[in-house]
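Biologist: Could you walk me through this one? I'd like to know how each label gets earned.

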Amino acid sequence: HAKDAGRNTYRMFDEAMNHQVQEALRLRSNFQRGLAGGEFVLHYQPLLDLQTRRVVGAEALVRWHDPERGMLSPGHFIPVAESSGMIVPLGAWVLREACRQAARWPVQGGQPLVVAVNISAIQFKRGNLEQTVADALSESGLAPDRLEIELTESTLLHQTDEVLATLQRLREFGVRLSIDDFGTGYSSLAYLKKLAVNKLKIDQSFVRDLTSDPEDSAIVRAIVDMAHSLNLVTIAEGVENTEVLAVLRSFGCDEGQGYYFARPMPEAEFRRYLEAAEGVPA
Ligand code: C2E
Ligand code: MG
Ligand code: MG
Ligand code: MG
């Protein structure tokens, strides 16, 4: 019977494997169909200067409008896109689309807006990122200093000389670099300075309970102070209420992003939001 059990286990394993392979193949073809068929869209969430309350830019956040499953958030498909390699063509599309749309945004308070784009580690390793960025900029005519690339600390942690060289050349183009979800990884600030990073995005997990958790508050204050001593701009993610905003302002945090200001929205809505914001005095 042991032999039968073994055979059964093997068959079950085989079926599970087969199912996984099928699922991966299905996803890959869905991705390709989705990219070709315009099923992906970018939503934009405003980034605000906390002193003036002016909009200074927006983060591009991808969504997948799957005809069968409806609107999917990136938490559902980015990990699969990364493990399947589909993040490379998807990420290239995101860069082109974000630059194309940002090129037509009106200035705010006399200042051109920045568009922030999330980049996965895989895009550095397999993506020919420099060329993709250069093409997105030249096709759109967007000034390089209006594009901000968001990297996570883990992308930098597993950096190779090649990744460093790519970052260096992006900085030479004039593109800005920002560290996303800052505080959740292990970056040394001195190292970030050496990479000529422009901005730290303080992870929302520290921002959410800022008014009630003294440790979170100490962490945020320390990040802002250290960043400023290195001439880095700070932005807080996940600002959800006016109390958190007041603490961030008292710490001297430069910028903020969160549901308190606005949720991510389709581009047409973002442009209406800009028109309305431009008319409101700070
Ligand atoms: P992220 O880059 O840290 O983006 C911020 C996420 O926090 C967004 O979720 C945004 O909607 C959400 N958020 C903003 N304000 C608040 C707030 O006040 N409260 C709360 N609870 N959440 C807030 P979203 O759009 O679901 O994106 C999740 C993640 O997916 C992003 O995290 C980013 O890591 C990834 N992602 C999104 N678009 C892209 C993309 O084009 N390429 C890559 N590689 N990753 C992307
Ligand atoms: Mg981000
Ligand atoms: Mg983030
Ligand atoms: Mg985050």
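Biologist: To start, is the crossing in which H3 passes H5 left-handed or right-handed?

Modeller: Right-handed: that's how H3 passes H5. Keep in mind that this is a predicted model.

Biologist: And what makes H3 roughly parallel to H5?

Modeller: Look at the angle. The axes of H3 and helix H5 (residues 129–140) cross at roughly 25° and come within 8 Å. Angles under 35 degrees count as roughly parallel, so H3 is roughly parallel to H5.

Biologist: Which residues in H3 and H5 actually meet?

Modeller: From H3 you have Ala92, Leu95, Arg96, Cys99 and Arg100. They meet Leu129, Thr132, Val133, Ala136, Leu137, Glu139 and Ser140 in H5. Sorted by class, the contact has seven nonpolar, two polar and three charged residues.

Biologist: OK, now the empty spaces. What makes something a cavity and not a pocket?

Modeller: It comes down to the way out: in a cavity a 1.4 Å probe fits but cannot get out, while a pocket is open. Here the count is one cavity of 30 Å³ or more. The largest cavity has a volume of about 40 Å³, so it makes that cut-off of 30 Å³ or more.

Biologist: Which residues line the largest cavity?

Modeller: Val88, Gly91, Ala92, Leu95, Gln123, Gly127, Leu129 and Thr132. H3 gives the largest share of that lining, four residues, and H3 and H5 each supply at least two.

Biologist: How do you know how many charged residues the lining of the largest cavity has?

Modeller: Check the names against the classes: Asp, Glu, Lys and Arg count as charged. The lining has four nonpolar, four polar and no charged residues. Gly counts as polar, so Gly91 and Gly127, both in this lining, go in the polar group.

Biologist: And how much space lies in the largest pocket?

Modeller: About 990 Å³. Of the 39 residues that line the largest pocket, Glu59, Leu61, Asn118, Asp180 and Asp181 are the closest to its centre. Strand E2 (55–66) is among the elements that each supply at least two residues, and the largest share, five residues, comes from E2. By class, this lining has 15 nonpolar, 14 polar and ten charged residues.

Biologist: What about the second largest pocket: how much space lies there?

Modeller: About 350 Å³. Val56, Pro112, Val114, Arg176 and Glu255 are the closest to its centre, out of 18 lining residues. That lining divides into seven nonpolar, four polar and seven charged.

Conventions: Residues numbered from 1 in each chain as written. Chains lettered and ligands numbered in written order. Predicted model: local features only at pLDDT ≥ 70, side-chain atom pairs only at ≥ 80, totals over all residues. Heavy atoms only, no water. 1 Å grid on protein atoms, 1.4 Å probe; cavity = no way out; pocket = protein on both sides within 12 Å on 5 of 7 lines; lining within 4 Å. Axes fitted to C-alpha atoms, helices over the stretch in contact; angles between N-to-C directions. Parallel < 35°, antiparallel > 145°, perpendicular 65-115°, else oblique. Left-handed = near helix turned anticlockwise from the far one by under 90°. Contact = heavy atoms within 4.5 Å.
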